[in-house]
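Here are a few exercises to work through with the model open beside you. Try each one before you read its solution.

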Amino acid sequence: MRSWPGLFWLLTLALLADGRRESQLRIGKAMNILMRYGYLGISMRVVPLNDMIEPERWIFKEPTKNIYTDLSGLAESHEDTTPGIFHGDFHMEFCENRRQLFQAYFRDFTIERMDKPWEAFTAGWFPDSAAKKMGINTSFILGDYSYVLVRVVRFRETGRLKTEIPVNQPLEPDVRSRMDHVQVGNITSAVRFMENVGTHYVNSYTTGNSLYQVFVYSRKNYSMIKERIKSKGLNGLSKLDLYNYFAPWFATHLGQIRSASANSTVERWARRKLQYEYYVVKYVTLLKLHGNSTLLRSLDTLLGNDAILQLDLKTVNPIFREHYPEKESWFEEVLDNNIKLWELNMPQSHPRP
């Protein structure tokens, strides 16, 4: 199956214009991920996109469609806005190579029936664009290095389905009508359903923002720091040891501190407040936030609800279950084959380790 990006953009604009499709991140809404597989980062703000001039702030602009008439009793959402409390976490992930680095960044994104959901965001990354998004120099994407991803996440809004959607949940009339046109054994009818209704629906999501920094290491130093932290735990290290392991004289390269939403105000704050000085050496490190409640509270007031932090997408095939069980298995087969074809054929622009 061949996609035509230009045609897709025109179709999207037309659908948005006449109101038949919306652009909202809401529980139960469906989307066709195959139209943008490999480039989902274009329509979801998950990594910095400050190289694109945007007249308005957005976090999600994928065309979506209601498939059920009422999910209010099955869905729940809440916002963490209590003042003076940092609603988030501080964590680090050890990555043997660049593919593990990309996987670590998108660890909280799941797409049902997709073996490597992170590649739905990174498959179109060239080395220079990947390096820019990760905040490091291109040479450290191309070379033989290991990485530690340090991230501070501030959660704002969370939505999820409290339970599985019942098979008898009322459907939108348009969706029911399009189900009638799906024919078992007819691939085109199943593909058209995906294009008009979707392939997946939003099962859960979390929005907010994050600051992250990538530390690049030689293989030798990476193994040393990993074993030390593995044996003692992060909290078992002294502050001096912690700073030494993530300092310019131990790490090969210290990446820039980036905001997931490319919030320049937050990044300027980080460069100013997270500077560490050791004798005559000055550098900026995200580790200065570790255990520092004062700085975390200050950061809390700056990090808005500007990025998607977690997303779980489920396939829409259960909507066939009550009225067309034979069509459900057929639709699932076609969808699974299409996803596998995309995974095999999507060009891997970033180099393999």
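The exercises go from confidence to salt bridges and then to one helix.

This is a predicted model, where local features need pLDDT of at least 70, side-chain atom pairs count only at pLDDT 80 or more, and totals for chains, interfaces and linings use all residues. Residues are numbered from 1 along each chain as its sequence is written, and side-chain values use heavy atoms, with hydrogens and water left out.

**Exercise 1.** Find which element has the lowest mean pLDDT and which has the highest.

*Solution.* Start with the scale: pLDDT is the predictor's confidence in each residue, from 0 to 100. The chain average is 86, and 89% of the residues score at least 70. Now go by element (helices are DSSP runs of H or I, at least four residues; strands are runs of E, at least two; numbering is from the N terminus). Helix α1 (residues 5–18) comes lowest with a mean of 35, while strand β8 (residues 253–254) tops the list at 97.

**Exercise 2.** Work out what R113 pairs with, and which parts of the chain that pair ties together.

*Solution.* First, place R113: it sits in the loop between β5 (109–111) and α3 (119–122). Its phi is near 75 degrees, a positive value in a residue other than glycine. Next, look for a salt bridge (a side-chain nitrogen of Lys or Arg within 4 Å of a carboxyl oxygen of Asp or Glu). R113 makes one with D336, at 3.3 Å from N to O. D336 belongs to helix α12 (residues 325–345), so the pair joins parts 223 residues apart in sequence.

Then check exposure (buried is under 20% relative accessible area, exposed over 50%, partly exposed in between; 1.4 Å probe, protein chains only). R113 is partly exposed at 31%, whereas D336 is buried at 15%.

Finally, follow D336 onward. Its side chain also meets K340 in a salt bridge of 3.0 Å, N to O, and both residues lie in α12, four residues apart, about one turn of the helix. R113, E332, D336 and K340 are linked in a network of salt bridges.

**Exercise 3.** Decide how the buried residues of α11 are arranged around the helix axis.

*Solution.* List them: in α11 (residues 293–300), L295, L296, L299 and D300 are buried. Looking down the axis, they fall within an arc of 145 degrees, so they line one face of the helix. (The arc is that of the directions from the helix axis to the C-beta atoms.) Last, ask what they pack against: β6 (146–161), β7 (200–217) and α10.

Note on methods:
Contact means heavy atoms within 4.5 Å.
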